[in-house]
Every structure is written in C-alpha cells, then in structure tokens.
Amino acid sequence: MEKFVARGKKKGSDSSDARIQRKKIKLESGDEQQQQEEGDDEDEHSALAEFSHPVPWQKVEAEGLDCDYAQLFSKEEADQLFKRLEEEVVYSTGEEAKVQVFGKVYNIPRKQATYGDEGLTYTYSGVTRSACSWTPTLEYIRDAVTKTTGQTFNFVLVNRYKDGQDHMGEHRDDEKELDPLCPIASVSLGAARDFIFRHRDARGKRGRRQIEPVKLELAHGSLLLMNSPTNTFWYHSLPARKKIILPRINLTFRRILPDRKR
C-alpha cells in the first residue's frame, strides 16, 4: 500500500493559496457567544496581517490524483470543536439515513447530516438531502477552511463514525451539481482513520491496470483538499478498523451550483 510523500507547500490555481493564512478566532467556553469575524469592509491586507502563520501543506500525488494535506487545528482547538459539534449537529433519520447501491437500499453504516446555505439540496446515492442552516461551529470551521485555501463553500456533509465498525465504502464525489473548479475540503475531528484512494482502472478482480492504491491517515484536526481531477479517476473509502474504539466526525465542504442541470 503506497503512502503519500510530502512535496512541500501547495501551489494551487490561486497564486496566493499557499500564503493565505487562517485568522485565529477564539472559541469561548460554556455558552458564551463566539468571537465575531471582522467586518466585510476591512481591507484585505489589514486582515492578512492579523492571521496566524501559514498552514504547511503536504502534496499527495499520483496519476490523476491531486490532493493537499495539512494540520488545520491544534489538538486543543480540535477537541473543543469536536465537543461543540456533538452538541449542535442533528443527524438524519428515516429515508435520509439510507443509501441506494445498485438498486438496493441499505442503512448507512454511520450517521449523516447536511448543512449549508438556504435552499440548497444535494442528491447522491439515490437520496436528495436538503441543507439545514449553518450552526455556529460549522460556520467557524467553514470560514477557517476558506481563509486557509482561498476557496468558498456553501454546503457541508457531516459524517459521524461511532467507532471503527462504522465505515464508508468506495465511491467518487462526482455529482453534477458540484462545482468542478472547486476542491472538496475534508476536515477530520476525533479518532484518526485510514483513508484509501483506489484508481478506477485498478478496482476489483477485473481491474485493467496495476496501479497501487494511496493510503492516508487522517489525523485529528487535519484538512485534506481533493483537487480536480481526483474524483474523476480515483475512488475513496474509509474502511472498517475494529481496533478503533473512539468516535470520529468528518466534514466535507463543497460548492454546489444550484442551477446546474443534472
């Protein structure tokens, strides 16, 4: 199993991506309100002067695979974010807690929730899900990802894995309503889990080519950017790991084009 190799800081399509810095936003304890963002009229250079140090990116590359990986939050901040999400996120039940695979309907082996801008929907695995309104903590994490990457996101899929028995099968995030120019930003909180990429031409016994899978371990507080054309050529999964006894929450931020024809 191939593991990724660090290849220095990210050099994305936005010339300043690698230099964009995440602003430190203090999360107050208890029920106190979170510190507010600076006003929209703030000069960009003044805002950048208040950011923390740039996030050091590691490049993850293979044929048709382009990802960037970084530690976005410290352990202390990640612990607090996880706790707040446990209090705020309401997970789907009923039909929205099922998935359709090859015409058959199954219970999802994890908990899921969808949040985002008003009126957005997202259809995948045979189910259409509507976005609930952003919670304060989801907004905070979204804004941290935006400040770090220079990309904006209007939707997030939340997956909660109670332990290593909960998992996610191989799939690609290639739905037509997703903006093809925007990466998918995956934030991990909680137990570290293996994340495996497999090339579409090397899947199953009838795989046409011998291409080694790429395996990552997604750490507590980390950020993984899946850039184009990754989801065209590579499937990804989070396999079961029986030795993992702690929960994990994963947030995949996306940009949906509401008017795009399916």
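The expected span of a helix is taken as 1.5 Å times one less than its number of residues, a rule that will be needed when the tour reaches the helices. The model on display is a predicted one, and its chain holds 4 helices and 16 strands. Of the 262 residues in the chain, 48% are buried, and among contacts between residues at least 6 apart in sequence, 79% join residues at least 24 apart.

**Stop one: the sheet**

Begin by selecting the 7 strands that form an open, antiparallel sheet, and follow them in the order β2-β3-β14-β11-β16-β9-β6. The edges are held by β2 (58-62) and β6 (111-116), each of which has a single partner strand, so one side of each is left without a neighbour in the sheet. Going across the sheet, neighbouring strands are turned by 20° against each other on average, with direction ignored.

Within this sheet, select residues 65-71 and 222-227, which are β3 and β14: these strands run antiparallel and are joined by 6 bridges. For a pair to centre the view on, take C67, which stands opposite M226 in β14.

Now add residues 136-149, helix α3, which packs on the sheet and touches β6, β9 (155-161), β11 (184-190), β14 and β16 (248-254). The direction of α3 makes about 60° with that of β16.

**Stop two: the loop after β14**

Move next to P229, which lies in the loop between β14 and α4 (230-233). The peptide bond that joins S228 to P229 is cis, with omega at about 5°.

**Stop three: helix α2 against helix α3**

Select residues 75-88, helix α2, and keep α3 in view: the two pack at an angle of about 140°, with their axes 9 Å apart. That angle makes α2 oblique to α3. To display the contact, pick E77, L81, R84, L85 and E88 in α2, which meet P136, T137, L138, Y140 and I141 in α3. Sorted by class, this contact has 6 nonpolar, 1 polar and 3 charged residues.

The rule from the opening can be applied here: for the 14 residues of α2 the expected span is 20 Å, and the C-alpha atoms at its ends are 20 Å apart, which agrees. For α3, also with 14 residues, the expected span is 20 Å and the end C-alpha atoms lie 20 Å apart, again in agreement.

Which residues of α2 are buried? They are E77, A78, L81, F82, R84 and L85, and what covers them includes α3, β11 and β16. When looking along a helix, recall that an α-helix has 3.6 residues a turn, so residues three or four places apart point the same way.

Helix α3 is mostly covered, with 11 of its 14 residues buried; among them are L138, Y140, I141, A144 and V145, together with R142, D143 and K147. The cover over the buried residues of α3 includes α2, β6, β9, β11, β14 and β16. Just after the helix comes G150, whose phi is positive, near 80°.

**Stop four: strands β7 and β8**

Finish by selecting residues 121-124 of β7, which pair with β8 in the antiparallel sense over 4 bridges, and locate T121, which stands opposite S130 in β8. Then show the side chains of β8 (127-130), where V127 and R129 point to one face and are buried, whereas T128 and S130 point to the other and are not.

Notes. Residues are numbered from 1 along each chain as its sequence is written. This is a predicted model: local features need pLDDT of at least 70, side-chain atom pairs count only at pLDDT 80 or more; totals for chains, interfaces and linings use all residues. Side-chain values use heavy atoms; hydrogens and water are left out. Two strands pair if DSSP finds at least two bridges between them. Axes are lines fitted to C-alpha atoms, for helices over the stretch in contact, and angles run from 0 to 180 degrees between N-to-C directions. Contact means heavy atoms within 4.5 Å. Angles under 35 degrees count as roughly parallel, over 145 as roughly antiparallel, 65 to 115 as roughly perpendicular and the rest as oblique. Ala, Val, Leu, Ile, Met, Phe, Trp, Tyr, Cys and Pro count as nonpolar, Asp, Glu, Lys and Arg as charged, and the others, Gly among them, as polar. Buried means under 20% relative accessible area, exposed over 50%, partly exposed in between (1.4 Å probe, protein chains only).
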